[in-house]
Amino acid sequence: MFNLFKKNNSFPKETEPGNIYIIDNRLFYEDHGYQESVDLSLLKYAYIEILGDNPYLFLFDYRQHYIPVLLQGFSKVYPVLSERFGFDDILFFKTITSKDEQKHRIWMDKKPTNYRVLTDQYTDYEDGFEVQMHTPLFVSWDTTYEEFLKLDIGHLYQSEFETSYFKIDYPVRIGSLIMDVLEFYYDENERQNIAVQSYFTTLYADSHTDESYNELRKLWMNEIPTDIDDAGYEREDQKHLTFDMDGIGLSICYTYDVDGQYDDGGTSLTISNYRDYSDSVLLENLELNPETTQILTFDSSLDFQPDYKNNASVIALPALVAEKAKHRQAFWFADDNTFGFTGDQYAIQFDRKDVSQIIVQNVLPAKGGGYVELFVRLTSNDLVTIYYGEQQSLDAYVQPLQNLLGIEVETPEPYHNC
């Protein structure tokens, strides 16, 4: 292979300054003056692309990497990559001489088939899934995060983006389908006493084509009868269907090679839980001292934005605030240095020491209408949206909020809703 490269001398002149090299399992390259790296041990697919007359090697590990073929040192690195992964060199060299925009896959990580359809039919889709341990364990869709961690059927791990996930260590049966891998996103700071909201995996057939999608589609169209027009879409660039069952949605998606999209040979499976778990919040009520709790009511109508499912700080509307504010949204400040904002049924509570700033942002009408939003900025720099309402409806409350809390209430310059 290396002799072929030398003989044909097929690489274009390297006119782009920078550097590219490999150390162990890392490919390092420069992109607009910044050093980037590809984890070669996680490489999923590679393409050759022509963008704006220039050839690029596109690599995907867990991020997209466009590496200029004209980058200085590229001709020394490409043969090493090609020998290691088995790139389609004929297609690569044929493409880099073109000036027409195009892209072609020159390599894909071939994964073994990781699912199978059972001959026996199961109809327990709405109930949950079965973990294929020595003694199978059936897990309800209503199993909470805190309950799940106690089942001892998997482990937590961190992704390359330092995001935490829980991976089940055994194959899982969902209806008449067994899959090798199933996992979910996990954040210890989010609400733990509601059911896991979403599971996911990617399913591969040996062919690394849409065979996996078509097989799941056929299975679930038979076992979970669904009107295809209501289930999603099936286009040339992507197919996406959702099968709904009593608040649980099984979604399959396959993406093809088109502009801006890449075919990795797998069908994405997502299981979403849309069931109502509001009782986990509403059955408990925060007791506030009527003698020391300060309450500020808002005269205008405001839409309360926080969702109890993804924010553990959302609580039931405190009875004291409901009594004092009647049917209006309100703010309270308690003697333990906690405070909160209310909606119709829910409220959100903060500890003053965890908050650095309140923001009231007015937006002026332009192509869209005007409005106002109220945000709470945490000391972690996370921004929590609290209210959405009519433009300038919160202006009169900026100073009272600041006086009560002793926290800066910022009012940035309004901008137009373009």
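This report describes the overall build of a predicted model and then looks at four of its residues.

## Overall build

The chain of this predicted model contains 9 helices and 31 strands. Its C-alpha trace spans about 90 × 60 × 40 Å along the principal axes, and its radius of gyration is 27 Å, whereas a compact globule of 418 residues would have a value near 22 Å.

Of the contacts in the chain with a separation of 6 or more, 59% are made by residues that stand 24 or more positions apart.

## Surface and charge

Among the 418 residues of the chain, 47% count as buried. The area that the chain exposes comes to about 21800 Å², and carbon and sulfur atoms supply 44% of that area.

The chain carries 32 positive and 71 negative charges, and the mean positions of these two sets are 7 Å apart.

## E130 in strand 9

E130 belongs to strand 9, which covers residues 128-131. The side chain of E130 is joined to the side chain of Q132 by a polar contact of 3.0 Å.

When neighbours within four places in sequence are left aside, E130 is in contact with P136, L137 and F138, and also with P171, V172 and R173.

## N337 between strands 24 and 25

N337 is found in the loop that runs between strand 24 (330-333) and strand 25 (338-342). Because its relative accessible area is 39%, N337 is classed as partly exposed, a class that lies between the limits of 20% and 50%.

Apart from residues up to four places away in sequence, N337 touches F350, D351 and R352. From C-alpha to C-alpha, N337 and T293 are 10.0 Å apart in space, while in sequence they are 44 residues apart.

## Two loop residues with positive phi

D246 is not a glycine, although it has a positive phi of about 50°. This residue, D246, lies in the loop between strand 18 (238-245) and strand 19 (248-255), and D246 counts as exposed because its relative accessibility is 52%, with the cut-off for exposed residues set at over 50%.

N381 is likewise a residue other than glycine with a positive phi, in this case near 80°. The loop that holds N381 runs between strand 28 (371-378) and strand 29 (383-389), and with a relative accessibility of 53%, N381 also counts as exposed.

Methods
Residues are numbered from 1 along each chain as its sequence is written. This is a predicted model: local features need pLDDT of at least 70, side-chain atom pairs count only at pLDDT 80 or more; totals for chains, interfaces and linings use all residues. Side-chain values use heavy atoms; hydrogens and water are left out. Helices (H or I, at least four residues) and strands (E, at least two) are DSSP runs, numbered from the N terminus. The radius of gyration is taken over C-alpha atoms; the globule rule is 2.2 Å times the number of residues to the power 0.38. Buried means under 20% relative accessible area, exposed over 50%, partly exposed in between (1.4 Å probe, protein chains only). Contact means heavy atoms within 4.5 Å. Accessible areas come from the Shrake-Rupley method with a 1.4 Å probe; for residues, only the protein chains shown count as cover. Lys and Arg count as positive and Asp and Glu as negative; His and the chain ends are not counted. The place of a charge is taken as NZ of Lys, CZ of Arg, CG of Asp or CD of Glu. A polar contact is a pair of N or O atoms within 3.5 Å; within protein, one must be able to donate a hydrogen and the other to accept it, and residues adjacent in sequence count only if both atoms are side-chain atoms.
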